[in-house]
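Student: Before I accept any label attached to this chain, I would like to see the value set beside the criterion. Could we go through it in that way?

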Amino acid sequence: SDLMSIIGNILTPILLISIAVLVVKGVFTPAGELAATPHAESVIQEGIITGYHSMDLFGSLNLGLVIIATAYSRGYRQKEEMIEVVKKSTIICAALLVLITFGLAYLGSTSSQIFDQSASQSTLIYKISTLLFGQIGGTIVALTVGLACFTTASGLIAGTANYFEEVLPVKMSYKRLVFYACLLSGIIANFGFDMLVKLTDRKSG
């Protein structure tokens, strides 16, 4: 679709460049010394819980459907072609996510002795950025977070609308489903990320 083309050709490269600028700056001119020991008692457990809160697992499954649908719309109809395209896309996505995750983890580790560890992740990344770049760091963070949220939300909404268009017993247009998904997401988003994390903690507990 046109939306996926805009995201893939324009927004995603801008997002990756913004993250790369932040990480490269932090690697070559780190905010502080690299932490000797992790602050979390169980790094793997903490990572899994954080990934659950940010919907990484379920989001990746939904975005996988978007990749398949986009490949199909681009003319890849044969099973072998589809598998090859999805496989290459998956490898590229996984490699980029690994680099981004390790880069951001390095930034957090080098600033762990400077900032209060009780601060939220969004506050922490903002403080790190302003420490590395000054006031323009806030602009870089705003651009990065905004593009990350928009590209992820667009993919999830498109995948959700495609799914419910197929499974709902009552026929509903794709555009209307997109509208309802945006409306519901907007309402839920107004609760704030910290509140949503607390609610999922209660449910999982």
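Tutor: Let us begin with E84, bearing in mind that this is a predicted model. E84 has a relative accessibility of 34%, and because partly exposed covers the range between 20% and 50%, E84 counts as partly exposed.

Student: What makes E84, K87 and K88 one network?

Tutor: Salt bridges that share partners join E84, K87 and K88. K87 forms a salt bridge with E84, and K88 forms a salt bridge with E84 as well, so that E84 is the partner they share.

Student: How do you know that the contact of K87 with E84 is a salt bridge?

Tutor: The closest N and O atoms of K87 and E84 are 3.5 Å apart, and the criterion asks for a side-chain nitrogen of Lys or Arg within 4 Å of a carboxyl oxygen of Asp or Glu, so the pair of K87 and E84 qualifies as a salt bridge. For K88 and E84 the closest N and O atoms are 3.9 Å apart, which is also within 4 Å and therefore qualifies. A search of the whole structure finds two salt bridges. In general terms, side chains of opposite charge can pair when their charged atoms come close.

Student: Why are K87 and E84 separated by about one helical turn?

Tutor: K87 and E84 are three residues apart in helix 4, which covers residues 79-110, and that spacing puts about one helical turn between them. K88 and E84 are four residues apart in helix 4, again a separation of about one helical turn. As for its surroundings, K87 has 44% relative accessibility and therefore counts as partly exposed.

Student: L96 is also found in helix 4; why is L96 called partly exposed?

Tutor: The relative accessibility of L96 is 33%, and since that value lies between the 20% limit for buried and the 50% limit for exposed, L96 is called partly exposed. The C-alpha atom of L96 is separated by 8.7 Å from that of L16, although their positions lie 80 residues apart along the chain.

Student: Why is S154 called buried?

Tutor: S154 lies in helix 6, residues 136-167, and its relative accessibility is 8%; buried means under 20%, so S154 counts as buried.

Student: What lies 2.7 Å from a polar atom of the side chain of S154?

Tutor: The backbone oxygen of F150 lies at that distance from the S154 side chain, and because a polar contact requires N or O atoms within 3.5 Å, the distance of 2.7 Å meets that limit.

Student: In helix 5, which residues are buried, and what puts them on the same side of the helix?

Tutor: L124, I128, S129 and L132 are buried in helix 5. They cover an arc of only 130 degrees around the axis, which is why they are placed on the same side of helix 5. Helix 5 runs over residues 121-133 and reaches 18 Å from its first C-alpha to its last, close to the 18 Å expected for its 13 residues at 1.5 Å a residue. Just after helix 5, G134 takes a positive phi of about 80 degrees.

Student: Where is P30 placed, and how far is P30 from L132 in space?

Tutor: P30 sits in the loop between helix 1 and helix 2. P30 and L132 are 102 residues apart in sequence, yet their C-alpha atoms are 7.9 Å apart in space. With its neighbours within four places in sequence left aside, P30 is in contact with K25, Y106 and T110. The relative accessible area of P30 is 38%, so P30 is partly exposed.

Student: How many aromatic pairs does a search of the whole structure find?

Tutor: The search finds two. Y163 and F164 form one that is edge-to-face, with 5.2 Å centre to centre and 80 degrees between the planes; the centres satisfy the 6.5 Å limit, and the angle is over 60 degrees, so the label follows. F179 and Y180 form an aromatic pair at 5.8 Å centre to centre with 55 degrees between the planes, and because that angle is neither under 30 nor over 60 degrees, the pair counts as tilted.

Conventions: Residues numbered from 1 in each chain as written. Predicted model: local features only at pLDDT ≥ 70, side-chain atom pairs only at ≥ 80, totals over all residues. Heavy atoms only, no water. Helix = DSSP H or I, 4+ residues; strand = E, 2+ residues; numbered from the N terminus. Buried < 20%, exposed > 50% of the residue type's maximum accessible area, 1.4 Å probe, protein only. Polar contact = N/O pair within 3.5 Å; in protein donor to acceptor, adjacent residues only side chain to side chain. Expected span 1.5 Å × (residues − 1). Arc of directions from axis to C-beta. Contact = heavy atoms within 4.5 Å. Phe/Tyr/Trp six-rings, centres within 6.5 Å; stacked < 30°, edge-to-face > 60°.
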